[in-house]
Every structure is written in structure tokens, then in C-alpha cells.
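Grab a coffee and keep the viewer open. Below are a few exercises, each followed by a worked solution.

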Amino acid sequence: MKHLIDPMDLSPEEIDDILALAQDIIYDKDKYSEVCKGKKLATLFFEPSTRTRLSFEAAMMELGGNVLGFSSADSSSSSKGESVGDTVRVVSCYADIIAMRHPKEGAPKLASMVSGVPIINAGDGGHNHPTQTLTDLLTILREKGRLDNYTIGFCGDLKFGRTVHSLIKALSRYENINFVLISPRELKVPEYIITEIFEKNNIKYREVTSMEEVIHELDILYMTRVQRERFFNEADYIRLKDTYILDRAKLKNAKEDLVILHPLPRVNEISVAVDDDPRACYFKQALNGKYVRMALIMTLLGLKGVMR
Amino acid sequence: MKIDSIQNGIVLDHITAGKAMQIYYDLGLDELDCSVAIIKNVKSNKMGKKDIIKIDKEYDVNLDVIGYIDPDVTVSIIKDGKMWEKKKVALPKKLIDIKKCKNPRCITSTEQGIQHIFKLTDEKNRIYRCIYCEADK
């Protein structure tokens, strides 16, 4: 049984297959409308979410399946003190596949060790978010036509930004990608990303504190939100939250074919005035998330060959 | 200084000088009711100086704990006053319930009854990472 806990759980070939399937779904949605008939997806969201949970549910519905679950820890038995392990053991009796978000890092890994059905990590604390990674890869592929050979800048909260960690891991397997890491000193990527991803694989990377200094070099700019919920100290959050704001003035020096990505939700780190810029791809990215999750659900349920 | 030889038990030799007490506590030897000798700073041709621990009881020693603290230790099993078996320990690939994850955001900080498991990710620098959150120990 296959789970998706860490983006590296999928080989590059498996990722290629999922992205190809997602593109085929985009091309001919009707063909897939009954693939998951009679199947149930449980969405166990111990932490609030809009995009991820709704895109999982929409994905399963568009495949002809059903959904059940909860959208906050308060409305589950964890509020009565039930362990994650017990919750997952029980839910795996009712559903064919589980998408799970939890504020504690490693909770989906634990779930995969006790579950009788495939587990999809829909975000665990500041750790990983592999389905956002698949979304990001599909968007890069559709916008750039390739997954290799470019300069990508990650900007904002690179310490707690799980989407950043997951995407860096996934991109480390593609050729000739130059990473530019833009963050305040307090929110730099964790040390293990530097030593075990960049240095171990001899990948070019650079850590800078100024967005203006590097924006002209970038082919892709991946913006992130400074997440209030990851800070133990409110004062630190307030001090750092407005460090980087992308606006029209900063984009003047950017390439014509820059692709601006953001996992959303945004607060103020991308000015609303940028939304009309053709380089802004973050809402397309949100739509791609649904298609790539359809492809993932089909893959983990072993339904790739089943369609109308 | 005279330490009696043991009849049935275990000798941990070639312990890096200064690490005997850590091994003593991490193996739980403080909870044994038999004689346990900790000999520190013994002269050694190979190591300059070393520590030795003698346990006067047949005891199922956790080689992973020793390998994690000091992978060059040799473990000798003594039976009827004679060397019965000599074991070389090595850096374990996995640590199970030997160390706890210190990351307050890790699921192991709240989930009851969960095994604390670390995986060796960098043998050269002896780096272990929690299999759940990937924090190093």
C-alpha cells in the first residue's frame, strides 16, 4: 500500500505519471467522472484549511466518489483526548483513502504506520506539504513547459514554510536548478535542507535578505506568508510579518516571463495590484491543485487504468 | 587497584575515556542489583587511556545503545570465568526508544505510547533524524 507522506516518497517517474494524468484530466474531465464511484475519501483536518481541504473534496466529487470527515480538531474525538493513532485506525474502517492535516510534525507518518488505507499528508505543522508540491510542479510544468533548467527564488518564511521544504526536496532531483533563498535571518531554511539537500547533492543555492537585489535573475518567484500560527512568540511574528511585500514597483525589474507562485492564503505579502499582472499564476496554481489531487487519489487507489 | 574478575557476566572494554558513566546510565545499569564496576582512565597501548565496565551478571545488553554512544567498544560475554563470546558494536542504523525527539512541534511530544525512532542519515557526521519530523537528535 502506497502513502504520500513526504514528497520524496514518489520517484521522479511516479511524479511524471501523476502530472501527466492531471494534464489528461484537465484535457478531458468527463472521462474521469465516475472513476471513484463507490469510494470514500476521509478528510481529517485537525488544523483549519480552505484550499487544501476543499480541493481534496472537490477532487473526489469530480471523480464520482464521496467524502466524509471533519475540518477542525474541536469537532473530532481528539478534543476528548483520543490519540492520532486511534483516530486513524477507526477512520480507516470507514474510508478507502485518508487526507490528513495536523499541526504536529510527523502526525501523517504516524498515521501511515497504523492505517489500513492509503494516507495523504495534507500538511503537518511546519514540516511537509507534498500535495502542494505536486500542485506547484504541475503549475511550473504548465507555465514553463519543463521542470528543469531555471532559477527559482523562495521568499518569506523559509523556516516554517512547509510548502517550501517540500518543493525544494522535489526540485532537487531535477537538472540545473539554481535556488535563491530570500528571507530574514530568523526565518532561513532549516539546516537539514542546506546540508542534506543542497550540499549533499552539490546543488547551487544562495541565501540573501533582499528581494530587490535578486528579482531580475529569477524565472520563478515562490512567495510565502509569514505564518502567525507557527510562532510561539507573538512579538517575533509582528516584527517579521511585513518583511517582504511584492508590489508592481518591485516587479519592474523582473523578467517578462517570470512566474509568480504562492501556495495561498496570502495576507499582504503580494499586493492585490499584482493580481492582474500576467506573471501572477497563484490562482491558476489553486485550480491546478484540484486536478493534481484527482490524479493522486486515482494513483493511490490503483485506479489509473479505470475510466469511461 | 584490584577489581575481581567475573565468573558470569559482561565486560565492556575499549570505552572512550570519559564515556563510561553515559553508557552506565543509558544502558540502565544503575537499576541492576548485581556488582557493576566502572573503571575509568585505564592505561591502554592502543587508546592512551580508556574506560571499562564489568557487569557481574548475565544480562541482555542493548548493543544499539552502546553503538550509538561509542561504536568502538568491545563487548565480551564471560561464562564460567572464561571468554565465551566477543562482540564488536557498530553505529546503529536506527535508534528505537533510546533518545526522545526534542522538537516541541513533533507528534512524539503529544502522542502517548509512540516509539521514538531515529534513522541514521549521515554516517560520517553521525547524524540521526527523527523519522516523524526529521529533526536531528
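**Exercise 1.** Find the residue with a positive phi in the hairpin of β4(B) and β5(B), and work out whether strand β5 of chain B is buried or in the open.

*Solution.* Keep in mind that this is a predicted model.
- Start at the turn: 2 residues sit between the two strands, and Asp80(B) takes a positive phi near 50°.
- Next, check the ladder. Strand β4 (residues 74–79) of chain B runs antiparallel to β5(B), with 6 bridges. One pair to look up is Lys79(B), whose bridge partner in β5(B) is Lys82(B).
- Now count neighbours. A residue needs 20 or more other C-beta atoms within 10 Å to be buried. Of the 7 residues of β5(B) (residues 82–88), the number that are buried is 0, so the strand lies largely in the open.

**Exercise 2.** Describe chain B as a whole: which elements does it have, and how is it divided?

*Solution.*
- List the elements: chain B has 2 helices and 8 strands. Along the sequence they come as β-α-β-β-α-β-β-β-β-β.
- Then split the chain: domain 1 covers 9–88 and domain 2 covers 94–130. Their centres, taken over C-alpha atoms, are 25 Å apart.
- For the extents, the C-alpha trace spans about 50 × 30 × 25 Å along its principal axes.
- Finish with burial and contacts. Of the 137 residues in chain B, 28% are buried. Among contacts with a separation of 6 or more, 57% join residues 24 or more positions apart.

**Exercise 3.** Track down backbone oddities outside the hairpin: two residues with positive phi, and a cis peptide bond.

*Solution.* The baseline first: most residues other than glycine have a negative phi, and most peptide bonds are trans.
- In chain A, Asn176(A) has a positive phi of about 55° without being a glycine. Asn176(A) sits in the loop between α6 and β6 of chain A. With 10 other C-beta atoms within 10 Å, Asn176(A) is exposed.
- In chain B, Asp97(B) also has a positive phi, near 55°. Its place is the loop between β6 (94–96) and β7 (117–122) of chain B. Asp97(B) has 13 other C-beta atoms within 10 Å, so Asp97(B) counts as partly exposed.
- For the cis bond, go from Leu264(A) to Pro265(A), where omega is near 5°. Pro265(A) belongs to the loop between β9 (259–261) and α10 of chain A.

**Exercise 4.** Work out the strand order of the 5-stranded open sheet in chain A, and say which strands are at the edges.

*Solution.*
- Walk across the sheet: the order is β7-β6-β5-β8-β9, with parallel pairing. The ends are β7 (205–208) and β9 of chain A, each pairing on one side only.
- Ignoring direction, neighbouring strands are turned by 15° against each other on average.
- Zoom in on one pair: β5(A) and β6(A) are parallel, with 6 bridges. Here Ile152(A) has Phe179(A) as its bridge partner in β6(A).
- Add a helix: α5(A) packs on the sheet and touches β5, β8 and β9 of chain A, with its direction at about 165° to that of β9(A).

**Exercise 5.** Decide whether helix α6 of chain A is enclosed or open, then find what covers its buried residues.

*Solution.*
- Count: 9 of the 10 residues of α6(A) (residues 162–171) are buried, so the helix is largely enclosed by the rest of the structure. Among the buried ones are Arg162(A), His165(A) and Leu167(A).
- Look for the cover, which includes α5 (130–144), β5 (150–155) and β8 (220–223) of chain A.
- Tyr222(A) is a handy residue to click on: its contacts include Val164(A), Leu167(A) and Ile152(A).
- Then widen the view. The largest nonpolar core has 112 residues, and Tyr222(A) is one of those with the most contacts inside it. Helix α10 (residues 282–300) of chain A gives the largest share of this core, 8 residues.

**Exercise 6.** How many residues of each chain are in contact across the A–B interface, and what kinds does chain A supply?

*Solution.*
- The contact count is 14 residues of chain A with 16 residues of chain B.
- On the chain A side, α3 (84–91), α4 (107–114) and α7 each supply at least two residues. The most come from α4(A), with 3 residues.
- Sorted by type, this side has 4 nonpolar, 6 polar and 4 charged residues.

Methods: Residues numbered from 1 in each chain as written. Chains lettered and ligands numbered in written order. Predicted model: local features only at pLDDT ≥ 70, side-chain atom pairs only at ≥ 80, totals over all residues. Core = buried A, V, L, I, M, F, W, Y, C linked by C-beta atoms within 7 Å. Buried ≥ 20, exposed ≤ 12 C-beta atoms within 10 Å, placed from the backbone. Helix = DSSP H or I, 4+ residues; strand = E, 2+ residues; numbered from the N terminus. Contact = placed C-beta atoms within 7 Å. Domains from an automatic or database assignment. Nonpolar A, V, L, I, M, F, W, Y, C, P; charged D, E, K, R; others polar. Pairing = 2+ DSSP bridges. Axes fitted to C-alpha atoms, helices over the stretch in contact; angles between N-to-C directions. Lists of a residue's contacts leave out its neighbours within four places in sequence.
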